[in-house]
Amino acid sequence: MPVIDIPSVVVGVLRSPDDAYNVPDLSPVGTLVYFSGTNEVRAADNSDISTAPCKGIILAKGAVAVATVLYAGEMDGFSGLTPGQDVFLGTSGALIQSGSLPSAPGSIIQKVGSATSPTKILFFPNQVIIL
């Protein structure tokens, strides 16, 4: 039987090339975003289905109106997170934890990851639930 050589897999992040996306709404690093056009992202929002689901998070910005987007992986730079709790899409691209989930009809709930420390999340966006 022949030996099959399987290359090692590096576990890390899945992200865009540097400054690959235009950001017309000038959202800062850490903003949850949706794809609003060709090479364009804008802040996602849990109160407006036209801006959901969140597909990425702004990882870095080389200039005010361009960004590198994280599609999946770990990201640092947050504050006040409860380790082990899930994080969700909030309003205007913000992260919220389970104690702040919306309950109004038409609201969107989208789990986007989990807090791994008070400052880090493991980002992995899921499908949305519409109330």
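Leaving aside its neighbours within four places in sequence, which residues is L95 in contact with? The legend of Figure 3 takes this up, after two views of the chain as a whole.

**Figure 1. Overview of the predicted model of the protein chain.** The secondary structure consists of eleven strands and zero helices. Along the sequence the pattern is therefore an uninterrupted run, β-β-β-β-β-β-β-β-β-β-β. The chain has 131 residues, of which 37% count as buried. Its exposed surface comes to about 7,200 Å², and carbon and sulfur atoms supply 58% of that area. Among contacts with a separation of 6 or more, 57% are between residues 24 or more positions apart.

**Figure 2. Confidence along the chain and the segment 3-11.** Mean pLDDT for the protein chain is 85. A value of 70 or more is reached by 89% of the residues. Over residues 3-11, pLDDT stays under 50. For these residues the model has zero contacts beyond four places in sequence.

**Figure 3. Surroundings of L95 in strand β8.** L95 is in contact with L32, F78, V87, F88, V112 and I121, once its neighbours within four places in sequence are set aside. One of these partners, I121, is 26 residues from L95 in sequence. The C-alpha atoms of L95 and I121 are 10.0 Å apart.

**Figure 4. The largest nonpolar core.** This core has 18 residues. Those that touch the most other members are L32, I57, V112, I121 and F123. Strands β3, β6 (66-76), β7, β9 and β10 (120-123) each supply at least two residues. The biggest share comes from β9, which gives three residues. In soluble globular proteins, nonpolar side chains tend to be buried together.

**Figure 5. Contacts of I57, and a second core.** Residues up to four places away in sequence are not counted here. On that basis I57 touches G30, T31, L32 and V33. Its list of contacts also includes T68, V69, L70, M75 and F78. I121 and F123 complete the list. A second core, separate from the largest one, has seven residues, among them V33, I58, A67 and V69.

**Figure 6. Salt bridge between D86 and K111.** The closest N and O atoms of the two residues are 3.4 Å apart. D86 lies in strand β7 (residues 86-89) and K111 in strand β9 (residues 108-115), so the pair ties together parts that are 25 residues apart in sequence. D86 counts as partly exposed because its relative accessibility is 28%. K111 is also partly exposed, with a relative accessible area of 26%.

**Figure 7. Two further salt bridges, D18 with R15 and R42 with E40.** A search of the whole structure finds three salt bridges. Side chains of opposite charge can pair when their charged atoms come close. Between D18 and R15 the distance is 2.9 Å, N to O. D18 has a relative accessibility of 56% and therefore counts as exposed. R15, at 36%, counts as partly exposed. In the pair of R42 and E40, the closest N and O atoms are 3.5 Å apart. The relative accessibility of R42 is 30%, so this residue counts as partly exposed.

**Figure 8. S27 in the loop between β2 (21-22) and β3 (32-37).** S27 is buried, with a relative accessible area of 6%. Its side chain joins that of D25 in a polar contact of 2.7 Å. Not counting residues up to four places away in sequence, S27 touches A43, I58 and K61. Of these, I58 is included in the second core.

**Figure 9. S107 in the loop between β8 (95-97) and β9.** S107 counts as buried because its relative accessibility is 9%, under the 20% cut-off. A polar atom of its side chain lies 2.9 Å from the backbone oxygen of A104.

Technical notes: Residues are numbered from 1 along each chain as its sequence is written. This is a predicted model: local features need pLDDT of at least 70, side-chain atom pairs count only at pLDDT 80 or more; totals for chains, interfaces and linings use all residues. Side-chain values use heavy atoms; hydrogens and water are left out. A salt bridge is a side-chain nitrogen of Lys or Arg within 4 Å of a carboxyl oxygen of Asp or Glu. Buried means under 20% relative accessible area, exposed over 50%, partly exposed in between (1.4 Å probe, protein chains only). Helices (H or I, at least four residues) and strands (E, at least two) are DSSP runs, numbered from the N terminus. A polar contact is a pair of N or O atoms within 3.5 Å; within protein, one must be able to donate a hydrogen and the other to accept it, and residues adjacent in sequence count only if both atoms are side-chain atoms. Contact means heavy atoms within 4.5 Å. pLDDT is the predictor's confidence in each residue, from 0 to 100. A nonpolar core is a set of buried Ala, Val, Leu, Ile, Met, Phe, Trp, Tyr and Cys residues joined through side-chain atoms within 4.5 Å. Accessible areas come from the Shrake-Rupley method with a 1.4 Å probe; for residues, only the protein chains shown count as cover.
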